[in-house]
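User: I'm new to this one and would like a close look at a single part of it. Could you pick a strand in the middle of things and walk me through what surrounds it?

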Amino acid sequence: MYFPDMSPYSYGTWYREQSIAFQEVRTIGWLKQGFTYSKGKVGDRFLQKLQQMYQSPRVHIRGMRGYHQCDLCDPSLANKDQQSASSPQQIWRGSSELWIPSSMSSQLIYAAPSMIRHYIIAHEYRPPDEFIQSVQEFDLNSDWDGEEMYSQLLEQYRDRMRRGEKRF
Ligand SMILES: [Zn+2]
């Protein structure tokens with residue numbers, strides 16, 4: 001699944017047949033073969049902190065939603081059904097996401113596929129500065145709960161659409 005960095009999050013969020021895009025949640029690192037992305041170095045401090053965030057079930061969430069596979073490693077995967085692709089070689093994949101509050105704004109959240117660390121290390125991907133800063137400043141002991149945030153947003157948006165408010 002490809003989303004440009006900083007797009008409103010709309011991965012699998014539906015109300016009846018309408019897609020919902022969470023304006024508060026911005027996608028980071030949803031790369032795909034054939035789409036350009038920003039490259040550059042990131043610091044060790046950022047990578048270490050990012051790694052720690054995978055250990056937190058309040059940041060590293062939603063493990064049951066199918067696979068993301070790295071079609072940058074193997075372009076032949078790009079047009080295959082994600083579920084059916086199989087290969088004797090190692091396929092980089094992830095099935096979950098990191099949900100991280102922005103350090104710029106209490107109204108902003110970043111959602112990255114768990115593959116983001118692989119993209120950074122193997123494919124030189126460089127996330128936006130504000131994401132890097134937010135990871136570095138995130139307090140692992142905070143009461144942030146990304147899973148709960150996802151559930152709340154989905155319920156709020158569905159409720160607004162049910163009441164016939166504007167589409168998202
Ligand atoms: Zn790869």
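Analyst: Here is a walk around strand β8, starting with the whole chain and then moving outwards from the strand.

Keep in mind that this is a predicted model. The protein chain has 4 helices and 9 strands, and along the sequence they follow the pattern β-β-β-β-α-β-β-β-β-β-α-α-α. Of its 168 residues, 27% count as buried. If you take the contacts between residues at least 6 apart in sequence, 66% of them join residues at least 24 apart.

Now to β8 itself, residues 97-101. 5 of its 5 residues are buried, so the rest of the structure largely encloses the strand. Glu97, Trp99 and Pro101 point one way, while Leu98 and Ile100 point the other way, and buried is the word for all of them.

What sits beside β8? On the sheet, the order is β1-β4-β9-β8-β5, an open arrangement of 5 strands with mixed pairing. The edges belong to β1 (8-9) and β5, each with a single partner strand, so one side of each has no neighbour in the sheet. Strand β5 (residues 60-61) runs antiparallel to β8 and is joined to it by 2 bridges; within that pairing, isoleucine 61 has glutamate 97 as its bridge partner. Strand β9 (residues 109-113) is also antiparallel to β8, over 5 bridges, and here isoleucine 100 stands opposite tyrosine 110. One step further along, β9 pairs with β4 in the parallel sense over 3 bridges, with threonine 27 of β4 partnered by alanine 111 of β9.

A helix joins the picture too: α4 packs on the sheet and touches β4, β5, β8 and β9, its direction making about 140° with that of β4. The 17 residues of α4 should span 24 Å at 1.5 Å a residue, and its end C-alpha atoms are 24 Å apart, which agrees. Gly146, Tyr150 and Tyr157 are buried in α4. Looking down the helix axis, the buried residues fall within an arc of 50°, so they line one face of α4. As background, an α-helix has 3.6 residues a turn, so residues three or four places apart point the same way. The buried residues of α4 pack against β2 (14-15), β4, β5 and β8. Turned away from that buried side is a face with the exposed residues Ser151, Gln152, Glu155, Asp159 and Arg162. After α4 comes glycine 164, with a positive phi near 80°.

Which residues sit at the heart of the contacts in the largest nonpolar core? The core has 31 residues, and Trp99, Ile100, Tyr110, Ala111 and Ile116 touch the most other members. Two or more residues each come from β4 (22-27), β8, β9, α2 (116-123), α3 (129-137) and α4 (146-162), with β9 giving the largest share, 4 residues. In general, nonpolar side chains in soluble globular proteins tend to be buried together. Isoleucine 116 also leads back to our strand: setting aside neighbours within four places in sequence, its contacts are Ile28, Gly29 and Leu98.

So that's β8: buried along its length, paired with β5 and β9, touched by α4, and one of the elements that give residues to the largest nonpolar core.

Conventions
Residues are numbered from 1 along each chain as its sequence is written. This is a predicted model: local features need pLDDT of at least 70, side-chain atom pairs count only at pLDDT 80 or more; totals for chains, interfaces and linings use all residues. A residue is buried if 20 or more other C-beta atoms lie within 10 Å of its own, exposed if 12 or fewer, and partly exposed in between; C-beta atoms are placed from the backbone. Two strands pair if DSSP finds at least two bridges between them. A nonpolar core is a set of buried Ala, Val, Leu, Ile, Met, Phe, Trp, Tyr and Cys residues joined through C-beta atoms within 7 Å. Two residues are in contact if their C-beta atoms, placed from the backbone, lie within 7 Å. Axes are lines fitted to C-alpha atoms, for helices over the stretch in contact, and angles run from 0 to 180 degrees between N-to-C directions. The expected span of a helix is 1.5 Å times one less than its number of residues. The arc is that of the directions from the helix axis to the C-beta atoms.
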